[in-house]
Amino acid sequence: MQRFWFLTFDGLAAGAVYAAFALALVLIWRAARVVNFAQGAMAVATAYVGYAVVGATGSYWLGLAAAVLAGLALGALVERVLMRFVGPAGPLNQVIVALGLVLLVQAVLGMVFGNGYRPAPAPFDTDALTVGGVAALSPYDLWVLGAALTVVALLALLFTRTPVGLRMRAAAFAPEVSRLLGVSVGRMLTLGWALAAGVGALAGMLVVPTGLGLHPHAMDLVFVVAFTAAVVGGLDSPVGAVVGGLLVGLILSYVTGYLGPDTTPLAVLVLLLAVLLVRPGGLFSAARARHV
Amino acid sequence: MTTPRTGSTLLRHLAGAVLAGTLVVLLTNQLPPYENLQVARVCAFLCVTAGHTVLVGLNGQLSLGHGALMATGAYTVALVQRGLDERAVGGGWWVLPGSLLAAVAVTALGGLVVGLAAARLRGPYLAGVTLAVATLVPAVTTIFTGVFNGEQGLRFPAQAPPAALGPYFQPERWLAWIALAAALLTMLLLANLVRSRYGRSLRAVRDDEVAARLAGIPVARTQVLAFVVSAGCAGLGGGVYAVLTATVAPGKFPLDLSLFLLMAIVIGGLGSLAGAVWGALLLVALQDLPALLTEHLDLSTGLAQRLEGNLALAVFGLILIVVMLAAPGGLQGGVRALATRLRAAVRRAPDR
């Protein structure tokens, strides 16, 4: 039973990061109908920036801020320079361009920083505290959980309570009408990409210390898991992304804990296929007629 | 619509295959061992890229899992050959074609499973699922260590040239011939398939599913079949790839391989079999460029280590993006445009 509780808490902490990462995917999907397959690589790039700043200044918080700022800038750059010009020739081209970006970013990181693992120290203790004889969350897990949930809450506020959020939603759902009403749709798109990459950067900074360290491919599997989380919740639903992230975090924690860490990719695939075949729109999708 | 040209198409493709085969065999007779191995690798990759480009370019299903399908073929060949060897029935001429056939069958079956799911998925969803498939290889080989021997991988008896070719026959040349035979067979079958009624269904489904369905094309069945054919080609390519080194290991089929395969067919020219040839050449160049680069540029070891592999990747990643944005036809599209312009110039010339 103790192990069960430990795995539950561990899964929630991991799930919070998946939730933030899935949220970044959902943000771009809602704004531009693109699944950003380069999200993982972009997050790794910003984590390198963050830890370079940590190394130079000795302050984790400065590094975190630098990573998020770099994420915002990178997201805006990718949208302005690349994605804007892919055109509406179908989702295939956008995915391929994003994958080209993955190759480019990972190769550049390898050239600049080397292909080895770099240490990425956590700002808090990663040993679990015991509460009433049960090994529960570590201080770092608490920080991850808190940071991820705060970002989710802030984004929800932004989209539902501010004029900018309203304009972004309008630009996503009815670009033509929004343009007529004076909303700069292109700028909203850039802002959406920037926000998503910023959230991705934060998620990257949170997840890297829990793994083997900083590496150009550090986020490959995290991306696949986050994509699964977004699909579980429904690519259109921010709430779904958060619930999906926590759910996937829990499931993977149990699978890894009871069946061994090697089974994780298999569990991800089974989960992804199960959701897509049974409920393709995700758990939180509104019923919609299927387009052939 | 039934065409009297069908026969001539088959003959034309056969003639093309014989011509290409003869040229490559003549080439391999001149080449030293390492270069012959490169020819063999190009041919092995050609099996994969040709099948992949038909699926992505002609049927519009984006698969990022072809590296895993290659691994399936490679492991099947290794397991079959080891099994035969342990039972002391190996060594016959039929072992190689038999194991490759098994690789095609097993991978096609895997493709059927993925394809059945894929037929219900669209665009980014399909890409995501196949990406998850691509991450499976190391996991599966570790979970079933007893069968696949984990990270270490499997070895099996190397393919020796038959005695009829003489005692001093270059083994690499024989490997190149094996791979060449597989590649020619794949190209011949796919070329005919693409020109057939079924090939037209593939394109119709890609361009407009509703219209295709109204025209009486079974959309889902066409998509599944495209996946099965493409997977079979990937299995054959993966099997041949394993035969070249007589080893398989999960490290040879990383997630990146699947991305490289996609990159190769896009830069070569999506949907074109000639583009698949460019793609296969590109994949081998990608493997060999780093060594060449560090050899010829006088770099410090630290810098050389960091550039090794990464520089070529960065360049190809950039090319991939540029091709997608500026020249969706890829290399083959460029070649075709050039040929058209040349032909026009030649036609104009006599008037002057």
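## Exercises on a two-chain predicted model

With 14 C-beta neighbours inside 10 Å, B:R12 counts as partly exposed. We'll use that as a warm-up. This is a predicted model, where local features need pLDDT of at least 70, side-chain atom pairs count only at pLDDT 80 or more, and totals for chains, interfaces and linings use all residues. Residues are numbered from 1 along each chain as its sequence is written, while chains are lettered from A and ligands numbered from 1 in the order in which they are written.

**Exercise 1.** Place B:R12 in chain B and work out why B:R12 counts as partly exposed.

*Solution.* Start with the helix: B:R12 is found in α1 (residues 6-30) of chain B. Helices here are DSSP runs of H or I with at least four residues, strands are runs of E with at least two, and both are numbered from the N terminus. Next, the cut-offs: a residue is buried if 20 or more other C-beta atoms (placed from the backbone) lie within 10 Å of its own, exposed if 12 or fewer, and partly exposed in between. B:R12 has 14 such neighbours, so it counts as partly exposed. Finally, try a distance: the C-alpha atoms of B:R12 and B:A280 are separated by 23 Å, and the two residues are 268 apart along the chain.

**Exercise 2.** Find how α2 and α12 of chain B pack, and which residues meet.

*Solution.* First the geometry: α2 (residues 33-58) of chain B packs on α12(B) at an angle of about 75°, with axes 10 Å apart. Axes are lines fitted to C-alpha atoms, for helices over the stretch in contact, and angles run from 0 to 180 degrees between N-to-C directions. Now name the angle: under 35 degrees is roughly parallel, over 145 roughly antiparallel, 65 to 115 roughly perpendicular and the rest oblique. So α2(B) and α12(B) are roughly perpendicular to each other. Then the residues: B:V48, B:T49, B:H52, B:T53, B:V56 and B:G57 in α2(B) meet B:L261, B:A264 and B:I265 in α12(B). Contact means C-beta atoms, placed from the backbone, within 7 Å. By class, this contact has five nonpolar, four polar and no charged residues. Nonpolar covers Ala, Val, Leu, Ile, Met, Phe, Trp, Tyr, Cys and Pro; charged covers Asp, Glu, Lys and Arg; the others, Gly among them, are polar.

**Exercise 3.** Do the same for α3 and α12 of chain B.

*Solution.* Helix α3 (residues 66-86) and helix α12 (residues 255-268) of chain B pack at about 110°, with their axes 7 Å apart. That makes α3(B) roughly perpendicular to α12(B). On the α3(B) side you'll find B:H66, B:G67 and B:A68, and on the α12(B) side B:L257, B:S258 and B:L261. The classes come to three nonpolar, three polar and no charged residues.

**Exercise 4.** Describe the side of chain A that touches chain B.

*Solution.* Count both sides: the contact takes 40 residues from chain A and 40 residues from chain B. In chain A, the elements giving two or more residues are α4 (91-113), α9 (220-233) and α11 (264-278). Of these, α4(A) gives the most, with 16 residues. Sorting by class, this side has 32 nonpolar, six polar and two charged residues.

**Exercise 5.** Summarise the fold of each chain.

*Solution.* Chain A has 11 helices and two strands, and 52% of its 292 residues count as buried. Chain B comes to 16 helices and two strands, with 48% of its 352 residues buried. Along its principal axes, the C-alpha trace of chain B spans about 65 × 50 × 50 Å.

Notes. Contact = placed C-beta atoms within 7 Å.
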